[in-house]
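Biologist: I should like to learn how to read features of a structural model. May we begin with the model itself?

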Amino acid sequence: MLRKFFGYAGSKKIFGRKNIAVTATGASISRYSLSDIASTIGTFEFTFDEPPNTNPVNRPLGYNSANLSMIKKLSGLNLKTKAQMPLHCGNLEISHIHLLYNSLHEAEVDELLLMRVFPVGRGIQEYKNDIQREDYLRAIDQFRKLETRLNYPKVKIQCALKHLEQAEHSKNPCDLMQNSFGINPRGTLLLSAWATNSRGEALDDAFVLGNISETPLELLIQSKKAKEYSVKLDHNWGHCKIFSFLFSNPKSSEALFEKQDPLYI
Ligand code: SF4
């Protein structure tokens, strides 16, 4: 997939290079030329969530180091770089936060997105609901202090964490169906790119709007189901609809709009 993508002029013409972001690992991207990467995409996103040179808790040995060394090679190539950091027990200690932020600063990474671990995709079996609200708030505060001192990477907070700081926003931080959708390789249009199960299929039919290889996108987003959903989007204001669904019983399309995200109840 990436092999066809890099160096392919069509994607740049359709979307504009600056609007194309790719998320990949250092190992998967190392087989492509730096010039092809830099001329095709505007933003390179990578996961970085445990300090290099420490014993990893959640990742294979060398995973984070490989990602970081790729980023160092990309710096200076007129490309925005963004680290995605799911917060978990392997990175919440203050000493780890300092190591992580300093590593990203030295690699001249532009942005750092602090995220939740989602009980979806390949991580569905390993998910533990063991991080408390205070843990997240403490970590966010530490990262922001480092940003104030060192200036970059700029710290951003993922939509599913924003409701922790209620006073900081005036519109619903869950922007499901408003700013983005997910499309899987079979053309299934999902309400969210996160709504996938361990086999890469939709997490549940409740998240499926149809298939863009069979029905035009504009018809799918105007469908009866999409219209019914759109009037309920603020029913559980601030809650992540994926967590609300997963922690509701029964799991139905109504569960998306329940106030059941465990971080906010
Ligand atoms: S459902 Fe969760 S991940 Fe999706 S937009 Fe809402 S808060 Fe973000």
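Modeller: Certainly; please note that this is a predicted model. A convenient starting point is the end of a helix: H5 is followed by Gly 76, whose phi is positive, near 85 degrees.

Biologist: What should helix H5 span, and what is the distance between its end C-alpha atoms?

Modeller: Helix H5 has twelve residues, 63–74, and at 1.5 Å a residue the expected span is 16 Å. Its end C-alpha atoms lie 17 Å apart, which agrees.

Biologist: Which residues of H5 are buried?

Modeller: An α-helix has 3.6 residues a turn, so residues three or four places apart point the same way. In H5 the buried residues are Asn 64, Asn 67, Leu 68, Met 70, Ile 71 and Leu 74. Viewed down the axis of H5, they fall within an arc of 160 degrees, so they line one face of the helix.

Biologist: What covers the buried residues of H5?

Modeller: The cover includes helices H3 (26–29), H4 (34–40) and H6 (94–106), together with strands S2 (43–47) and S3 (80–86).

Biologist: Which residues are around the ligand?

Modeller: They are Cys 159, Ala 160, Cys 174, Asp 175, Leu 176, Ser 192, Trp 194, Cys 240, Lys 241 and Ile 242. Helix H8 (159–162) and helix H11 (241–246) are the elements that give two or more residues to this shell. By class, the shell divides into seven nonpolar, one polar and two charged residues.

Biologist: Is Pro 250 buried or exposed?

Modeller: Burial is judged by counting neighbours, and a residue with 12 or fewer other C-beta atoms within 10 Å is exposed. Pro 250, in the segment after H11, has 6 and is therefore exposed.

Methods. Residues are numbered from 1 along each chain as its sequence is written. This is a predicted model: local features need pLDDT of at least 70, side-chain atom pairs count only at pLDDT 80 or more; totals for chains, interfaces and linings use all residues. Helices (H or I, at least four residues) and strands (E, at least two) are DSSP runs, numbered from the N terminus. The expected span of a helix is 1.5 Å times one less than its number of residues. A residue is buried if 20 or more other C-beta atoms lie within 10 Å of its own, exposed if 12 or fewer, and partly exposed in between; C-beta atoms are placed from the backbone. The arc is that of the directions from the helix axis to the C-beta atoms. Two residues are in contact if their C-beta atoms, placed from the backbone, lie within 7 Å. A residue is near a molecule or strand if its C-beta atom, placed from the backbone, lies within 6 Å of it. Ala, Val, Leu, Ile, Met, Phe, Trp, Tyr, Cys and Pro count as nonpolar, Asp, Glu, Lys and Arg as charged, and the others, Gly among them, as polar.
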